[in-house]
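Here is a short briefing to read alongside the structure. Keep the viewer open and follow the topics one by one.

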Amino acid sequence: MENITRTQVSEENLEVFKRKFGEIIRHVTLSRMKLYVESEDFRIVEMNSFIPHGYVFANSMSMIIVAGKAMRVVLKAHFNQKDSKPLARKLYGTDEVDERRSYDVMKEYCNLAAGFLKKICIEQEVQVGISLPVVTLGFNEVFTDLEGVEEKIIFEDCWKLAYDEGEIICSCQVDVFEPQALAALNSVL
């Protein structure tokens, strides 16, 4: 597969794609969390516009990939146990929540968000699949490799999903390999 360069897509189209697809991803993460925990208490909180690549947001992160021939989205939920355990307590209906259950809740959250994002892509005829979600140490973020970035359309974004008992930090990295994916996904909003 041949990678595209940024020069093959106008800067204006690229900026429109980043803004619109970024809004879609944020909407997906917020709506799935509200639905998952059956609470309207969650809200998006903006973060500093400059976060260096590989920044460690929390002790743990759940990660899933939505990818196909045209594009790849790496979606992450960064969390500390103090923020994820209240969600696990609510979902399991018990105060007895261990680390494993807390991780399972965050993996399932990523799975739900990725499934909804996959649905949106497929409805726009951008064929993608999803990986299994994993939980890893948040410190693994420093090992993320951006090799070949200049050959792909890429953007990164991060935001908080805040609620009364804490916050989950969401981030995404989007790589586009086929320019027609931009046009299809730009028509969503």
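F42 and Y163 are both buried, and they make a good place to begin in this predicted model. Their rings form a tilted aromatic pair, with 4.7 Å between the centres and 35° between the planes. The pair links distant parts of the chain, since F42 sits in the loop between α1 and β1 (43-46) while Y163 belongs to strand β6, 121 residues apart.

**Aromatic pairs**

- Searching the whole structure gives four aromatic pairs, and one of them is F17 with F155.
- The rings of F17 and F155 meet edge-to-face, at 6.0 Å centre to centre and with 80° between the planes.
- Because F17 lies in helix α1 and F155 in strand β6, this pair ties together parts that are 138 residues apart in sequence.
- F17 and F155 are both buried.
- One aromatic cluster is made up of F17, F21 and F155.

**Overall layout**

- The chain holds four helices and seven strands.
- Read from the N terminus, the order of elements is α-β-β-β-α-α-β-β-β-β-α.
- Of the 189 residues in the chain, 46% count as buried.
- Among contacts with a separation of 6 or more, 71% come from residues 24 or more positions apart.
- About 9,700 Å² of the chain is exposed, and carbon and sulfur atoms supply 50% of that area.

**The largest nonpolar core**

- Which residues touch the most other members of the largest nonpolar core? They are F21, I25, M71, V73, L87 and V174, out of 44 residues in this core.
- The elements that contribute two or more residues are α1, β2 (60-67), β3 (71-79), α2, α3 (99-123), β6 (153-163), β7 (166-176) and α4 (180-186).
- Helix α3 gives the most to this core, with ten residues.
- F21 therefore turns up in two places: it is among the core residues that touch the most other members, and it belongs to the aromatic cluster with F17 and F155, whose pair ties α1 to β6.

**Helices α1 and α2**

- Helix α1 covers residues 11-37, which makes 27 residues.
- From its first C-alpha to its last, α1 reaches 39 Å, close to the 39 Å expected at 1.5 Å a residue.
- After α1 comes E38, with a positive phi near 50°.
- Helix α2 covers residues 81-92, twelve residues in all.
- The reach of α2 from first to last C-alpha is 15 Å, close to the expected 16 Å at 1.5 Å a residue.
- After α2 comes G93, again with a positive phi, here near 70°.
- Which residues of α2 are buried? They are D83, S84, P86, L87 and A88.
- L87 is also among the residues that touch the most other members of the largest nonpolar core.

**Two positions in α3**

- S102 has its place in helix α3.
- With a relative accessible area of 0%, S102 is buried.
- Setting aside neighbours within four places in sequence, S102 is in contact with F79, Q81, S84, K85, A88 and V97. Two of these partners, S84 and A88, are among the buried residues of α2.
- K119 also lies in helix α3.
- Is K119 buried or partly exposed? K119 is partly exposed, with a relative accessible area of 44%.
- K119 and G129 are ten residues apart along the chain, and 9.6 Å separates their C-alpha atoms.

**Cysteines**

- How many disulfides does a search of the whole structure find? The search finds zero.
- For C158, the closest cysteine sulfur is that of C172, 8.7 Å away and therefore too far for a bond.
- The cut-off for a disulfide is 2.5 Å between the two sulfur atoms.
- Seen from C172, the closest cysteine sulfur is in C158, at 8.7 Å.
- C158 counts as buried, at 11% relative accessibility.
- C172 counts as buried too, at 4% relative accessibility.

How values were computed. Residues numbered from 1 in each chain as written. Predicted model: local features only at pLDDT ≥ 70, side-chain atom pairs only at ≥ 80, totals over all residues. Heavy atoms only, no water. Expected span 1.5 Å × (residues − 1). Buried < 20%, exposed > 50% of the residue type's maximum accessible area, 1.4 Å probe, protein only. Contact = heavy atoms within 4.5 Å. Areas by Shrake-Rupley, 256 points an atom, 1.4 Å probe, with all protein chains shown as cover. Core = buried A, V, L, I, M, F, W, Y, C linked by side-chain atoms within 4.5 Å. Phe/Tyr/Trp six-rings, centres within 6.5 Å; stacked < 30°, edge-to-face > 60°.
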